[in-house]
Structures are given as structure tokens and as C-alpha cells.
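Visitor: I would like a close look at one part of this model, taken residue by residue and then placed in its surroundings. Please give the cut-offs as you go.

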Amino acid sequence: MRSSILPFCCSSAIRIFAPYCHRIRFKNMTTGNLNEPPSKSVNKIQRILHSNSTNGWDKCWEEGFTPWDLGSPTPVLVHLNNKGSLPKGRALVPGCGSGHDVVAIACAERYVVGLDISDNAIKKAAELFSSTPKAEHFTFLKGDFFTWSSAQLFDLIFDYTFFCAIEPELRSQWARKISDLLKPDGELITLMFPIDDHEGGPPYKVSTADYEEVLHPVGFRATQIVDNELAIAPRRGREKLGRWKRTALQSSL
Ligand SMILES: C[S@@+](CC[C@H](N)C(=O)[O-])C[C@H]1O[C@@H](n2cnc3c(N)ncnc32)[C@H](O)[C@@H]1O
């Protein structure tokens, strides 16, 4: 199984998912009932993931159980884009979901590829955004990040809630793939979440050290690691922004 679905018990999943998924605190995603507790939604997500080991993510999207989805672009990414701090050229968003981040940073100077393993996620992204005026500056592709390849390399890769969604044993493979897909002077931006100590997943807990452990061997070093002060409220304090590049020394080896 390539992407991530391991058993987790109900109570720990509620603890993990509730802060991860701020919207289910307010609206049960099964019934739309504002008074219903989130457990039903979480249980249903677990059932979907457990009973569909090869296409659990797609089932989640098909059934509309996507509590990780902010329904809008990630605030810190918009901030970085607005202040001109993101590389231009070609960008990749692996595990792009419904595509808000893809569209947010697409522009005439930056072509963005949103990649997701789920047909239904890609369908949703296309429905939401294919008729926007920006549409010529991005594309959504269905593909498995670990086997997908691109004829053209990227200047920027943005990872948010993809690293924590994959099985931890795939993290080294994730780093090698990032390395393969980025131009030698390209930049990786990771929004690292959830930084806590829960067990199990997805989402699996992450730490700066977890990223370093897999990125250092492929030549990346952090140029910046900071708390994400623009994190949405339920994630605040458990999210860091990491910016990574290959060092001159490593890229010449
Ligand atoms: C937790 S969601 C995050 C979505 C989006 N980044 C966001 O923040 O809303 C993880 C996404 O990764 C996708 N995914 C899981 N495994 C994948 C893989 N191997 N290749 C590409 N996408 C994958 C899932 O379909 C899902 O849309």
C-alpha cells in the first residue's frame, strides 16, 4: 500500500483528527447537523480508509469526507506569494487535494502542477477551478507521487499535509522523489504539521528532525524553520514553516 492507511483506534483518532480538521468541530460531515459531535464523521473516515486499502483517499473524496480541506488557500502560502517570496517558474503541489493552494500561487510567472492520487480530488479541483481566468497557469494531474515523473523539473515544491499523510516508512522515498523532481537550485517548502506526540495516523506526527533525517541524506538543508504564526487556530503552535535548498557544497558533489 503506497499511501498511508493504518488502523487507528476510535478515541485516539478523534483526538488526532479533531484539531487536524477544524471544520468537523462545527459541522458533522455525515449529516450536516451542527449539533452532532465529530465522532461520527471521524468514525466514517476511519471506516472508509480501513475498508479501502488501495483507494481509501479516493473514497474519502468521493464521499465528501475531507476534513483536512480548509476550503481556501493556506494563509501562510498566500502571504509568501503576496510578498514575492516564492520562486517563479514551475511549482509542484503533491497531494494537492481540491487544489486551493495550486490556484493561489499560479500566475503568469509561475506554472503550477497539482498532483493527487485521487481521481475524485482531481475532479473536484477541476470543477472548482477550471473556468477561472488563471486556468492557463495551472494543471491538475492524477498520479501517485512515488511513481510519477515529469519531463520538466520544478523550481518549487510545496508540501502541506502530504508528508504526514504518507506512511512514515515512505518518508525516505518521499525525500528522494522531492530531490528527483526539483531543479538543482530549486526550493522545497514544507509546512510541517502536526508537530505533537500522538501515536498512529494518518495524520502521523512530524517533527523538524523527521524532515532533516530524510532530507539531509539527499543534500537539502533548511534555510529557515519558523513557527507558522498564520496557522489556522486549531493548528497553531503545532505547525512550522520549513524552507529547504540543496547546499552549494552538496549540489557539486
Ligand atoms: C491530508 S490530504 C491533504 C490535501 C491538501 N494538501 C490539503 O492540505 O488540503 C492528503 C492528500 O494526499 C493525497 N495522496 C495520498 N497519497 C498520495 C500519493 N501517493 N500520491 C499523490 N497524492 C496522494 C490524498 O488523495 C489527499 O488528497
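Visitor: Where is the place of aspartate 210?

Guide: Aspartate 210 is in helix α8; helices (DSSP H or I, at least four residues) and strands (DSSP E, at least two residues) are runs numbered from the N terminus. The model is predicted, so local features need pLDDT of at least 70 and side-chain atom pairs count only at pLDDT 80 or more, whereas totals for chains, interfaces and linings use all residues. Residues are numbered from 1 along each chain as its sequence is written, and side-chain values use heavy atoms, with hydrogens and water left out.

Not counting residues up to four places away in sequence, aspartate 210 touches Phe163, Arg171 and Lys205, where contact means heavy atoms within 4.5 Å. Its C-alpha atom is separated by 9.9 Å from that of methionine 192, which is 18 residues away along the chain.

One of those partners, Arg171, leads to the neighbouring helix. Helix α7 (residues 171-181) packs on helix α8 (residues 208-215) at an angle of about 60°, and the axes are 8 Å apart. Axes here are lines fitted to C-alpha atoms, for helices over the stretch in contact, and angles run from 0 to 180 degrees between N-to-C directions. The angle makes α7 oblique to α8; under 35 degrees counts as roughly parallel, over 145 as roughly antiparallel, 65 to 115 as roughly perpendicular, and the rest as oblique. The α7 and α8 crossing is right-handed, a term for the near helix being turned clockwise from the far one by less than a right angle, anticlockwise being left-handed. On the α7 side the contact involves Arg171, Ser172, Trp174 and Ala175, which meet Asp210, Tyr211, Val214 and Leu215 of α8. Sorted by class, this contact has 5 nonpolar, 1 polar and 2 charged residues. Nonpolar covers Ala, Val, Leu, Ile, Met, Phe, Trp, Tyr, Cys and Pro, charged covers Asp, Glu, Lys and Arg, and polar covers the others, Gly among them.

In α7, the residues Arg171, Trp174, Ala175, Lys177, Ile178, Ser179 and Leu181 are buried, meaning under 20% relative accessible area, with exposed over 50% and partly exposed in between (1.4 Å probe, protein chains only). An α-helix has 3.6 residues a turn, so residues three or four places apart point the same way. The buried residues of α7 pack against α8 and also against β1, β4, β5, β6 and β7. The helix lies across β1 (89-94), β4 (154-160), β5 (182-192), β6 and β7, running at about 135° to β5.

These strands belong to an open sheet of 7 strands with mixed pairing, in the order β3-β2-β1-β4-β5-β7-β6. Its edge strands, each pairing on one side only, are β3 (138-142) and β6 (220-227); two strands pair if DSSP finds at least two bridges between them. Direction ignored, neighbouring strands of the sheet are turned by 20° against each other on average.

At the β6 edge, 7 bridges join β6 to the antiparallel strand β7 (residues 240-246). Within β7, tryptophan 244 stands opposite alanine 222, and arginine 246 stands opposite phenylalanine 220. β7 also pairs with β5, in the antiparallel sense over 6 bridges, where glycine 242 of β7 is the bridge partner of threonine 190. Since 5 of the 7 residues of β7 are buried, this strand is largely enclosed by the rest of the structure.

A second aspartate, aspartate 155, is found in strand β4. It counts as buried because its relative accessibility is 14%. Leaving aside neighbours within four places in sequence, the contacts of aspartate 155 include Arg90, Leu182, Lys183 and Glu187.

Towards the β3 edge, helix α6 (residues 119-129) lies across β2 (110-116) and β3, running at about 160° to β3.

For the chain as a whole, the secondary structure comes to 9 helices and 7 strands. Buried residues make up 52% of the 253 residues. Of the contacts between residues at least 6 apart in sequence, 70% join residues at least 24 apart.
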